[in-house]
Amino acid sequence: MKIETERTIIRLPKSSDFEFIKNLWLDGEVMKFVGFPDGLKVSDEDIGSWILNKNPDRMRQVVEDKETGESFAETGWQEDIPYEYANGRKSASLDIKLARSHWGKGYATEILRVLTKYIFENTDIEVVFVDPNIENIAAIKLYEKIGFKKIGQPVFHNSDNMQIPITAQYYELENNEIQ
Ligand SMILES: CC(C)(COP(=O)(O)OP(=O)(O)OC[C@H]1O[C@@H](n2cnc3c(N)ncnc32)[C@H](O)[C@@H]1OP(=O)(O)O)[C@@H](O)C(=O)NCCC(=O)NCCS
């Protein structure tokens, strides 16, 4: 799969993305709102299997800058995460992480508008959901701008492998709601 937006190419991960993914996940500024302010330390093996992407329920993509060819974001959707507000609709969770060099320039809006449209046009998924940390203002503005609607109440998350607990809020989007 390869999807083009105005300034980017969204494509499957490849082995040359290894360093980019490793550094992105190690960046505590990128990972703090998902509970890892010291960065996510993942084994080389785990990054390798993320790149190989063998699970058909998990679609993973890397985003390149069209002009420079530089990889600057990872995104994707996952059908194997339960969504308690699905109400019979086929659901998928969506995620996006950009390198700090590309924040605040409209890239995530550009990428997710095209990617959500792609998902609804090319799969049988009926609702896409996200669960940003309630303190992640950039992510919430991003999702609301695209048309995601707040669902339910904030949920507190804590686990032994998280560096800090977080409180997250569900938002969801259906095909006819993309803005
Ligand atoms: C969240 C993230 C994907 C946003 O990407 P981005 O390309 O910077 O977002 P955009 O430039 O498309 O901006 C989307 C909206 O958020 C706003 N925004 C972006 N960064 C912001 C910030 N730091 N504070 C407040 N608002 C911000 C933009 O102004 C824009 O809203 P507007 O058009 O009404 O002005 C990016 O900051 C990131 O990768 N963060 C770390 C990983 C993460 O938290 N991912 C989300 C997990 S749920």
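**Figure 1. Strand 2 and its pairing with strand 3 in the predicted model.** Thr8 stands opposite Asp65 in strand 3. Strand 2 (residues 8–11) and strand 3 are antiparallel and are joined by 4 bridges. Strand 2 is covered on both faces: Thr8 and Ile10 are buried on one side, and Ile9 and Arg11 are buried on the other. In a regular strand, side chains point alternately to the two faces of the sheet.

**Figure 2. The hairpin of strand 1 and strand 2.** Between strand 1 and strand 2 there are 3 residues, and the two strands form a hairpin. Their pairing is antiparallel, with 3 bridges. Within this pair, Glu4 stands opposite Ile9 in strand 2.

**Figure 3. The open sheet of 8 strands.** The strands follow the order 1-2-3-4-5-6-8-7, and their pairing is mixed. Strand 1 (2–4) and strand 7 are the edge strands, each of which pairs on one side only. From one strand to the next, the twist averages 25°.

**Figure 4. Strand 3 beside strand 4, with helix 1 lying across them.** Strand 3 (residues 58–65) and strand 4 (residues 71–78) run antiparallel and are joined by 7 bridges. Val62 stands opposite Glu74 in strand 4. Helix 1 lies across strand 3, strand 4 and strand 5 (91–98). Relative to strand 4, helix 1 runs at about 80°.

**Figure 5. The crossing of helix 1 and helix 3.** The axes of helix 1 (residues 18–26) and helix 3 (residues 44–52) come within 10 Å and cross at roughly 115°. Helix 1 passes helix 3 in a right-handed crossing. Helix 1 contributes Phe18, Ile21, Lys22 and Trp25 to the contact, while helix 3 contributes Asp44, Ile47, Gly48, Trp50 and Ile51. Sorted by class, the contact of helix 1 with helix 3 has 6 nonpolar, 1 polar and 2 charged residues.

**Figure 6. The crossing of helix 4 and helix 5.** Helix 4 (residues 107–122) and helix 5 (residues 137–146) have axes that come within 10 Å and cross at roughly 45°. Helix 4 is therefore oblique to helix 5. The crossing of helix 4 and helix 5 is right-handed. On the side of helix 4, the contact is made by Ala108, Thr109, Leu112, Arg113 and Thr116. On the side of helix 5, the contact is made by Leu142, Tyr143, Lys145 and Ile146. The contact of helix 4 with helix 5 has 5 nonpolar, 2 polar and 2 charged residues by class.

**Figure 7. Strand 8 with strand 6 and strand 7.** Strand 8 (residues 166–174) is mostly covered, with 7 of its 9 residues buried. Strand 6 (residues 127–130) and strand 8 run antiparallel and are joined by 4 bridges. In this pairing, Val127 stands opposite Glu174 in strand 8. Strand 7 (residues 149–157) is also antiparallel to strand 8, and 6 bridges join the two. Here Lys150 stands opposite Tyr171 in strand 8.

**Figure 8. The surroundings of Gln169 in strand 8.** Gln169 counts as buried because its relative accessibility is 3%, under the 20% cut-off. Not counting residues up to four places away in sequence, Gln169 touches Val130, Asp131, Pro132, Ile134, Lys150, Ile151, Gly152, Gln153 and Pro154. Gln169 and Val130 are 39 residues apart in sequence, and their C-alpha atoms are 8.1 Å apart in space.

**Figure 9. Asn53 and Asn87, two loop residues with positive phi.** Asn53 is placed in the loop between helix 3 and strand 3. Although Asn53 is not a glycine, its phi is positive, at about 60°. Asn53 counts as buried because its relative accessibility is 16%. Asn87 is in the loop between strand 4 and strand 5. Asn87 is not a glycine either, and has a positive phi of about 45°. With 70% relative accessibility, Asn87 counts as exposed.

Methods
Residues are numbered from 1 along each chain as its sequence is written. Side-chain values use heavy atoms; hydrogens and water are left out. Axes are lines fitted to C-alpha atoms, for helices over the stretch in contact, and angles run from 0 to 180 degrees between N-to-C directions. A crossing is left-handed if the near helix is turned anticlockwise from the far one by less than a right angle, and right-handed if clockwise. Contact means heavy atoms within 4.5 Å. Ala, Val, Leu, Ile, Met, Phe, Trp, Tyr, Cys and Pro count as nonpolar, Asp, Glu, Lys and Arg as charged, and the others, Gly among them, as polar. Buried means under 20% relative accessible area, exposed over 50%, partly exposed in between (1.4 Å probe, protein chains only). Two strands pair if DSSP finds at least two bridges between them. Angles under 35 degrees count as roughly parallel, over 145 as roughly antiparallel, 65 to 115 as roughly perpendicular and the rest as oblique.
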